[in-house]
Amino acid sequence: MSRDSSPKYSFQSTKTVVVPAAGMGTRFLPATKTVPKELLPVVDTPGIELIAEEAASVGAERLAVIVAPSKQEIMRHFEEFPEIVEMLSARGKDEQVAKVQRAQKLIHPVAVEQEKPLGLGHAVGLAEDVLDDDEDFFAVMLPDDIVLPATVMEDMARVRQAVGGSVLCAFEVSREETCNYGVFDVEDTNIDGVKKVVGMVEKPELEEAPSNLVATGRYLLDRKIFDALRRIEPGKGGELQLTDAIELLIKEGEPVHVVVHKGKRHDLGNPGGFIPANVDIGLRHPQYGRALYASLKRIISDYESELK
C-alpha cells in the first residue's frame, strides 16, 4: 500500500490488541505437555513476546491474552522476576537483565480465560468486556503468525481511517495453496494494495476459490463484530468462527477491506513452519546469524552428500 494514499493516521487510538492463545498446541506434542506453544522460543524470544513487541511498536497499550485455565504460564512471562534480575545484576550481566525485563516493559497484559477452545470467534468475543467504552475498534493478532516486516497493522489503521469498518491482512498464495486458508472474494478499490471484501470462503476446493488472496493472523475489527458474533450459529464441534461473523457484517453492508501485504509470513503453529521461522530470523540475528549461516551450509552439504 502506498503510504501517501490515505490520510495520516496515529495508531495510538487503538488501545487493545486481542491475542487468542488458548489452544492446546497438539501439533507440538510432547513439548506442549508442559510448555505452552506461545512460549516456545523463536531463536531466543518466545512467540508471545514477539507479538507483544509488534503490538507495542504500533502504539497499542493493552494486550488481552485469551488463555486456557491450564496455560497461565503465558501471563507469568510478563511478570517482573526480581530474583533473577537481582542475581544477574550482581554478576554484571546487564544484557541478560534487559532480556528478562523486556516483556514486562512492553505493554500491559490482561488475561481473559477461555474454559474450552470453542473457536476463534468465541475467543475474540470474550474480549468485549476488556475494551473501554470509547473503543470503536480493536486489533486481533494471532500468535501463530509472524508477519514481516511488522508494519502491516499501521497500513491497516490508515485504511480504516480512510474507509471505515474492519480491515484485514491478506497474502497472495498459489492457487494450489488456497484450500488451506480462508480465501477472500474481492473487488478493486482506488487505494493501492487495498481490496474491498465482498465475501469469504473457508478452505475452498481449488475450483471454488474466488481469488488467491488469503487471510492471515492480523485483523482490525470494528466493535460491531461482537454483535455479529452473538448472532452467528456454531459450526462443527460447537465452534464459533470469526470468518462467519465477518461474512455477516459484509452481508449487512458493513465495509470490510484487506491490505495485501507484500512481506513475509511465518506460521509458528506447526513444526513445519516453526523451524523455517527460526532459520530465517536466526540468520538475521546480530549475534547468531553469521555462525548459523556457516553451520547451515555445512549441514546442507552433508545432507546432499548423503543423498548421492
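**Pockets, a cavity and helix 7**

User: Which element gives the second largest pocket the largest share of its lining?
Analyst: In this predicted model, helix 4 does, with four residues. Strand 3 (45–46), helix 1 (47–57) and helix 9 (271–283) each supply at least two residues as well. Among the 22 lining residues, Asp-44, Thr-45, Pro-46, Glu-49 and Arg-102 lie nearest the centre of this pocket.

User: What makes a residue such as Asp-44 part of that lining?
Analyst: A lining residue has an atom within 4 Å of a grid point of the pocket. Asp-44 is listed in the lining, so it meets that cut-off.

User: Why is the space lined by Lys-37, Glu-38 and Leu-40, among others, called a cavity?
Analyst: In a cavity a 1.4 Å probe fits but cannot get out, whereas a pocket is open. The space lined by residues including Lys-37, Glu-38, Leu-40 and Phe-274 is classed as a cavity, so a probe inside is shut in. Its volume is about 60 Å³.

User: How do you know which residues of that lining count as charged?
Analyst: Asp, Glu, Lys and Arg count as charged. The lining includes Lys-37, Glu-38 and Asp-144, and its charged residues number three.

User: What makes Ile-225 a buried residue of helix 7?
Analyst: Buried means under 20% relative accessible area. Ile-225 is listed as buried, along with Phe-226, Ala-228 and Leu-229, so each falls under that limit.

User: Why are the buried residues of helix 7 said to line one face?
Analyst: Seen down the helix axis, they fall within an arc of 160 degrees, so they occupy one face. They pack against helix 5, strand 6, strand 11 and helix 8.

Technical notes: Residues numbered from 1 in each chain as written. Predicted model: local features only at pLDDT ≥ 70, side-chain atom pairs only at ≥ 80, totals over all residues. Heavy atoms only, no water. Buried < 20%, exposed > 50% of the residue type's maximum accessible area, 1.4 Å probe, protein only. Arc of directions from axis to C-beta. Contact = heavy atoms within 4.5 Å. 1 Å grid on protein atoms, 1.4 Å probe; cavity = no way out; pocket = protein on both sides within 12 Å on 5 of 7 lines; lining within 4 Å. Points joined across faces, edges and corners; volume = space filled by probe spheres on them.
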